[in-house]
There are 2 protein chains.
Amino acid sequence: MHTFKELVTVFAERFAVRHFPHLPASLYEPGEYFLSWGGKRIRPVMCLMGNELFDEIHPDAYQVATAIELFHNFTLIHDDIMDEAPLRRGMETVHMKYGANTALLAGDVMMIQAYEYLNKIDGHHLHRILRLFNKTAKEVCEGQQLDIDFEKLPEVSLDAYIDMISLKTSVLLAASLEMGAILGGASEGNCRHIYEFGKNLGIAFQIQDDYLDAFGDPEKFGKETGGDIRQNKKTFLLLHVLEVANPHQKKILGQLLSQNSPDKVEKVIAVFKDCNVDEWAKELKEKYLQTALKHLDDIAVMSIRKKPLQELAEFLIQREY
Amino acid sequence: MHTFKELVTVFAERFAVRHFPHLPASLYEPGEYFLSWGGKRIRPVMCLMGNELFDEIHPDAYQVATAIELFHNFTLIHDDIMDEAPLRRGMETVHMKYGANTALLAGDVMMIQAYEYLNKIDGHHLHRILRLFNKTAKEVCEGQQLDIDFEKLPEVSLDAYIDMISLKTSVLLAASLEMGAILGGASEGNCRHIYEFGKNLGIAFQIQDDYLDAFGDPEKFGKETGGDIRQNKKTFLLLHVLEVANPHQKKILGQLLSQNSPDKVEKVIAVFKDCNVDEWAKELKEKYLQTALKHLDDIAVMSIRKKPLQELAEFLIQREY
């Protein structure tokens with residue numbers, strides 16, 4: 001058994017190789033450039049952890065983990081084109097450095113390469129892994145499209161937002177765990193539980209992310225806070241406050257959102273606090289976390305094997321702030 | 001055994017169904033819109049023909065054929081974004097109708113759906129089909145990137161152009177035939193021959209396409225001629241004439257290419273004729289066609305089974321002009 005941190009190191013080492021041919025360099029260098037930035041590689045590590053929950057890590061789990069990480073990076077390259085983002089983690093995005101057309105193709109070929117890694121696994125599990133991978137990949141596209149749609153809508157219900165965020169981010173975490181579990185020979189029931197563990201953990205993580213943008217300590221959070229508020233981004237907090245604010249508070253919010261005054265962030269946070277949005281968000285996060293842990297608890301393997309996944313949940317959620 | 005035209009009808013009927021869920025409509029309607037235009041569906045029909053060359057059509061061949069057609073349409077949607085094309089076959093392109101971001105995602109999800117159709121085939125051939133599909137898909141991306149690169153270069157050799165055009169268009173024709181052949185239980189040797197038949201036929205077709213743009217009868221060709229010349233598009237004809245023209249002819253060409261005078265097309269064609277480009281192109285096309293037919297000839301099945309593929313070659317190449 002390995003801890004989450006050990007597997008991060010193990011996977012990072014294995015993943016730090018070329019994934020594409022050298023030529024044509026104009027197509028493949030952009031992909032290698034993007035992958036070279038490193039990253040936490042959380043999704044592939046979750047695949048390895050889902051695998052090790054049931055058995056020793058099978059060599060096929062590394063192939064599937066690699067496919068998952070390539071797929072995730074493909075979505076990031078295409079998302080950056082759509083968002084016209086100049087930077088990601090302080091680095092020039094692929095479309096800024098190489099042009100949008102090359103970034104589009106570099107993303108396409110990265111997705112194809114993900115399927116080539118999937119194709120390296122034993123035939124025994126190939127159909128089932130591909131089915132889950134395809135379903136999840138389509139859901140991630142659906143989530144991204146809904147996100148685009150929602151930004152244009154005047155109102156979005158909290159339930160619709162949770163569905164969107166679940167598709168855009170949580171299902172890939174959930175499927176990463178389940179693909180590992182499938183390779184580990186897990187039963188249908190155990191597969192369902194580990195999927196739900198990942199999905200609910202992902203939603204809890206996203207609530208926390210939205211919370212920290214408003215209420216986090218910038219030093220501990222590692223990035224400037226208030227970005228979502230400045231951009232009027234639809235977050236758990238904003239959608240909830242629009243549902244619970246009284247007419248007076250709604251009027252103030254409406255005015256704040258329609259301008260970009262220097263004290264916008266501060267004043268929106270004041271309304272959030274008046275409406276107890278901070279407490280509400282903590283409780284909602286806790287609800288999803290507990291649902292996740294309940295599913296982990298229900299998986300029929302010895303408790304000791306679940307420890308790394310409990311640590312992962314703590315790592316992702318129990319950050320101090 | 002079926003003729004090419006019979007299989008076009010059979011496939012078109014089977015393909016004319018919804019390929020995506022209904023929701024979210026903002027993601028899936030654009031794909032259905034694009035697929036609803038119909039088309040010759042040459043690639044999937046080649047898969048069926050490659051299959052029927054060796055055996056009765058296997059149900060899996062329809063799944064693979066559908067995957068091939070979806071993959072081809074995914075490349076068209078993304079190519080149109082890259083080319084900023086407002087129209088395709090007289091219809092508004094996906095990115096013009098729905099925006100570039102949705103077109104990007106509609107393309108992505110169409111590629112994923114192609115893999116879901118591949119995943120419906122029997123496990124026995126899945127690894128081999130996926131390997132050839134992935135290899136080909138990457139080559140198509142390489143061809144598209146090289147095409148983008150070449151348009152920016154002052155000079156491109158004819159050999160480099162043939163490599164590019166082969167990747168961009170011929171390998172998918174070749175692989176479509178071979179995937180059908182694999183499902184039909186063809187030997188390695190027969191698979192190689194049918195692949196080479198398709199690849200060489202594709203190159204011959206492309207030479208003809210370039211030829212017709214300059215020398216075709218617009219009424220029989222079905223579209224206005226001279227478009228490539230007006231756009232200074234690097235074609236077989238232009239690259240060859242730049243290699244064989246004398247200094248005086250090169251100077252005239254240089255002047256013609258640097259402007260867009262009303263008689264540009266006429267005058268460039270005059271230089272083409274002075275340099276015997278028309279005869280050269282016919283001979284080159286014939287060379288590739290004969291290579292293709294030689295490979296078809298070498299396939300170890302009864303001659304009668306090869307008749308539909310001979311008809312296909314005639315349909316694609318022996319058009320009157």
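Copies are superposed by least squares on the C-alpha atoms of residues with pLDDT of at least 70 in both. The legends below describe a predicted model.

**View 1. The relation between chain A and chain B.** A turn of 180° with a shift of 0.0 Å along the axis lays chain B on chain A with an RMSD of 0.0 Å. The two copies are therefore related as by a two-fold rotation axis. Within chain B, the C-alpha nearest this axis belongs to Gly123(B), at 3.4 Å from it. Both copies use the same surface, since 100% of the contact residues of chain B recur in chain A.

**View 2. The side of chain B that touches chain A.** In this view, 32 residues of chain B are in contact with 32 residues of chain A. On the chain B side, α2 (25–35), α4 (59–83), α6 (100–118) and α7 (123–152) each supply at least two residues, and α7(B) gives the most, with 15 residues. By character, the residues of this side of chain B divide into 16 nonpolar, ten polar and six charged.

**View 3. The fold of chain A.** Chain A has 16 helices and two strands. Its radius of gyration is 20 Å, close to the 20 Å that the globule rule gives for 321 residues, so chain A is as compact as a globular protein of that length. Along its principal axes, the C-alpha trace of chain A spans about 60 × 50 × 35 Å.

**View 4. The interior of chain A.** Of the 321 residues in chain A, 49% are buried. Among the contacts in chain A with a separation of 6 or more, 75% are accounted for by residues 24 or more positions apart.

Methods
Residues numbered from 1 in each chain as written. Chains lettered and ligands numbered in written order. Predicted model: local features only at pLDDT ≥ 70, side-chain atom pairs only at ≥ 80, totals over all residues. Helix = DSSP H or I, 4+ residues; strand = E, 2+ residues; numbered from the N terminus. Rg over C-alpha atoms; globule rule 2.2 N^0.38 Å. Buried ≥ 20, exposed ≤ 12 C-beta atoms within 10 Å, placed from the backbone. Contact = placed C-beta atoms within 7 Å. Nonpolar A, V, L, I, M, F, W, Y, C, P; charged D, E, K, R; others polar.
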